[in-house]
Amino acid sequence: MRAESGKWRRASGAGVTPCANRIRALVGWGACPRFRSGAGRIMGDAAFDAAAHWDSRHREMPPTDLSWFEEHPTTSIDLVHAVLGDQPASILDIGGGAGRLVDHLLEEGHEVTVLDISAAALEPARARLPASAPVDWIVADIRTWVPTRTWDVWHDRAMLHFLTARDDRVRYTATMRRAIGAGGGFVLGAFAEDGPTHCSGLPVHRFTAEDLRALVGDADVVADSCTTHVTPAGAEQRFRWLAGRLR
Ligand SMILES: C[S@@+](CC[C@H](N)C(=O)[O-])C[C@H]1O[C@@H](n2cnc3c(N)ncnc32)[C@H](O)[C@@H]1O
């Protein structure tokens, strides 16, 4: 079932104010350091155009230079296996961007949907995969997106921690529960309590093990761990992971 097959979608007017649009028209996002960096802005700020911010981040350097880049997403793949076993499944990657996870999941025979707020984020992934690959691409803000089908597994590496507003995290869980249902698998990776306080010019919400478990709610947990990601520039970032099945 692929109700959103092959379509590019943009959540209508997500976070774009008339004022922000006027500034964009006058100077362009790239010419305005405040909007380019997102400095002092948070995802929950109504005047902040999150989609434009992320488009700009994804266009300013190659995907392999972005701080979150990993050639082989080992932890994500291991945890998908821990949740699923070896059976082919439908997997939804939240904030998947230009990441390589989709390539590996396709090689294993899974059907994949990649959702991202930024159309620019998805361009490199779409360009490197064959047009016939069983991938759906959705451009949407997870804070407002409403799923129109279900998946076997929900995966998120490094998107969740940008939801600094509690209401957004509550809604995120409700959306996840709607997208995978009871028995659905989840793999969540976000900055740990000793991880970075900011990323891509935005503040983040850092998670303890208890925070992640509380966010997910009633579930059978199969993995609860921490990893250290080394960025292309050599910095270390602590991640916390939680994987399992919803009850
Ligand atoms: C740090 S990157 C991680 C990319 C990918 N998951 C990986 O591990 O390589 C965060 C991604 O989340 C996307 N993103 C940020 N806020 C989002 C939102 N509210 N809804 C959907 N995607 C979002 C960004 O465009 C970006 O591609």
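Which residues have the most contacts inside the largest nonpolar core? In this predicted model, they are Leu92, Val114, Leu115, Val153, Trp154, Phe186 and Val187, and the core to which they belong has 53 residues. Strand E5, which spans residues 185–191, gives the most to this core, with five residues. Leucine 92 offers a view of the packing from a single position: leaving aside residues up to four places away in sequence, Leu92 touches Thr113, Leu115, Trp151, Val153, Trp154, His155 and Ala179.

## The protein as a whole

The protein contains eight helices and nine strands, and buried residues make up 36% of its 247 residues. Among the contacts between residues at least 6 apart in sequence, 71% join residues at least 24 apart.

## Two helices with a buried face

Helix H6 covers residues 119–128, and its buried residues are Ala121, Leu122 and Ala125. Seen down the axis of H6, these buried residues fall within an arc of 80°, so they line one face of the helix. A general rule helps in reading this pattern: an α-helix has 3.6 residues a turn, so residues three or four places apart point the same way. The cover over the buried residues of H6 includes helix H3 (50–59), helix H5 (101–107), strand E2 (111–116) and strand E3 (135–139).

Helix H4, which runs over residues 74–84, can be read in a similar manner, with Thr75, Ser76, Leu79, Val80 and Val83 as its buried residues. They cover an arc of only 130° around the axis, which puts them on the same side of H4. The partners against which the buried residues of H4 pack are strand E1 (90–94), helix H5, strand E4 (153–157), strand E5, strand E8 (219–230) and strand E9 (236–246). After H4 comes glycine 85, whose phi is positive, near 75°.

## How the strands are joined

The table sets out three pairs of strands, with the number of bridges and the direction for each.

| Strands | Bridges | Direction |
|---|---|---|
| E1 and E2 | five bridges | parallel |
| E5 and E9 | seven bridges | antiparallel |
| E8 and E9 | 11 bridges | antiparallel |

Individual residues show where these strands meet. Isoleucine 94 has leucine 115 in E2 as its bridge partner, and E2 is itself mostly covered, since five of its six residues are buried. Glycine 189 has tryptophan 241 in E9 as its bridge partner, while threonine 228 stands opposite arginine 238, which also belongs to E9. Strands E8 and E9 form a hairpin with five residues between them, and in the turn glycine 234 has a positive phi of about 95°.

Valine 221 lies in strand E8, and its surroundings can be described in some detail. Is valine 221 buried or exposed? Valine 221 is partly exposed, because 14 other C-beta atoms lie within 10 Å, whereas 20 or more would be needed for a residue to count as buried. Apart from residues up to four places away in sequence, valine 221 touches Leu242 and Gly244. Valine 221 and arginine 245 are 24 residues apart in sequence, and yet their C-alpha atoms are 6.5 Å apart in space.

## Two loop residues with positive phi

Alanine 158 has a phi near 75°, which is a positive value in a residue other than glycine. This alanine 158 lies in the loop between E4 and helix H7 (166–180), and alanine 158 is buried, because 23 other C-beta atoms lie within 10 Å.

Serine 200 likewise has a positive phi in a residue other than glycine, with a value near 55°. Serine 200 is found in the loop between strand E6 (198–199) and strand E7 (202–203), and with 17 C-beta neighbours inside 10 Å, serine 200 counts as partly exposed.

## The surroundings of the ligand

How many residues surround the ligand? There are 18 residues around the ligand, and the closest are Trp54, Gly95, Gly97, Gly99 and Ile117. When this shell is sorted by class, nine of its residues are nonpolar, five are polar and four are charged.

Notes. Residues are numbered from 1 along each chain as its sequence is written. This is a predicted model: local features need pLDDT of at least 70, side-chain atom pairs count only at pLDDT 80 or more; totals for chains, interfaces and linings use all residues. A nonpolar core is a set of buried Ala, Val, Leu, Ile, Met, Phe, Trp, Tyr and Cys residues joined through C-beta atoms within 7 Å. A residue is buried if 20 or more other C-beta atoms lie within 10 Å of its own, exposed if 12 or fewer, and partly exposed in between; C-beta atoms are placed from the backbone. Helices (H or I, at least four residues) and strands (E, at least two) are DSSP runs, numbered from the N terminus. Two residues are in contact if their C-beta atoms, placed from the backbone, lie within 7 Å. The arc is that of the directions from the helix axis to the C-beta atoms. Two strands pair if DSSP finds at least two bridges between them. A residue is near a molecule or strand if its C-beta atom, placed from the backbone, lies within 6 Å of it. Ala, Val, Leu, Ile, Met, Phe, Trp, Tyr, Cys and Pro count as nonpolar, Asp, Glu, Lys and Arg as charged, and the others, Gly among them, as polar.
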